[in-house]
Amino acid sequence: MVRFRQVCSSSFDFLRLTISFVEDVSKALFKAVDRNGNGELDLPDVMALAAIVSKLVDRFGTQNVNQQAAQH
């Protein structure tokens, strides 16, 4: 029973850290694309976000993602 609690606790801590990281990254990304500073995601912001995503895909590609999906 103690081992189960340790595994659940460490898994929960990992999940909490992952969610916190994703939240921080998404906030920073939103700040970067919020061109007019109104705190809303409107068309110019979406276009800026699409440009960032496009550059990331160009840089890192999708080959690894496709390979991993094919393995499972």
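User: Hi! How many aromatic pairs does the count come to?

Analyst: The count comes to 0 aromatic pairs. Keep in mind that this is a predicted model.

User: Okay, then what lies over the face of phenylalanine 60?

Analyst: That would be arginine 59, which lies over the ring face at 5.2 Å from the ring centre.

User: Good to know. Let's zoom out: how many helices and strands are there in the protein?

Analyst: The protein has 3 helices and 0 strands. Read from the N terminus, the order of elements is α-α-α.

User: And where is confidence lowest, and where is it highest?

Analyst: Helix α3, residues 63-71, has the lowest confidence with a mean of 63, while α2 has the highest at 89. Across the protein the pLDDT averages 80, and 74% of the residues score at least 70. A general caution goes with that: where pLDDT is low, the predicted coordinates should not be read in detail.

User: Fair enough. Salt bridges next: how many does a search of the whole structure find?

Analyst: The search finds 2 salt bridges. One joins aspartate 13 to arginine 16, with the closest N and O atoms 3.4 Å apart. In the other, the side chains of glutamate 23 and lysine 27 meet at 3.4 Å, N to O.

User: Where do aspartate 13 and arginine 16 lie?

Analyst: Both are in helix α1, 3 residues apart, which is about one turn of the helix.

User: And why are glutamate 23 and lysine 27 separated by about one helical turn?

Analyst: Because they are 4 residues apart in helix α1, their separation is about one helical turn.

User: Is aspartate 13 buried or exposed, or something in between?

Analyst: Aspartate 13 counts as partly exposed because its relative accessibility is 32%, and the partly exposed class runs between under 20% for buried and over 50% for exposed. Glutamate 23 is also partly exposed, with a relative accessible area of 39%.

User: Changing topic to the surface: which residues make the nonpolar patch?

Analyst: Leu41, Leu43, Val46 and Met47 make a nonpolar surface patch of about 400 Å². Leucine 41 sits in the loop between α1 (2-33) and α2 (43-60). Its relative accessible area is 47%, so leucine 41 is partly exposed.

User: What about the whole protein, how much accessible surface does it come to?

Analyst: The total is about 6,500 Å², and 62% of that belongs to carbon and sulfur atoms. Of the 72 residues, 6% count as buried.

User: One last residue: where does proline 44 lie?

Analyst: Proline 44 is in helix α2. With a relative accessibility of 46%, proline 44 counts as partly exposed.

User: How far apart are proline 44 and valine 33 in space?

Analyst: Their C-alpha atoms are 8.2 Å apart, and in sequence proline 44 and valine 33 are 11 residues apart.

User: Great, thanks!

Conventions
Residues are numbered from 1 along each chain as its sequence is written. Side-chain values use heavy atoms; hydrogens and water are left out. Patches are made of residues with over 30% relative accessible area and no salt bridge: like charges are joined within 9 Å, nonpolar side chains (Val, Leu, Ile, Met, Phe, Trp, Tyr) within 5 Å. Accessible areas come from the Shrake-Rupley method with a 1.4 Å probe; for residues, only the protein chains shown count as cover. A salt bridge is a side-chain nitrogen of Lys or Arg within 4 Å of a carboxyl oxygen of Asp or Glu. Helices (H or I, at least four residues) and strands (E, at least two) are DSSP runs, numbered from the N terminus. Buried means under 20% relative accessible area, exposed over 50%, partly exposed in between (1.4 Å probe, protein chains only). Rings of Phe, Tyr and Trp (its six-membered ring) pair if their centres lie within 6.5 Å; planes under 30 degrees apart count as stacked, over 60 as edge-to-face and the rest as tilted. A charge sits over a ring if NZ of Lys or CZ of Arg is within 6 Å of the ring centre and within 35 degrees of the ring normal. pLDDT is the predictor's confidence in each residue, from 0 to 100.
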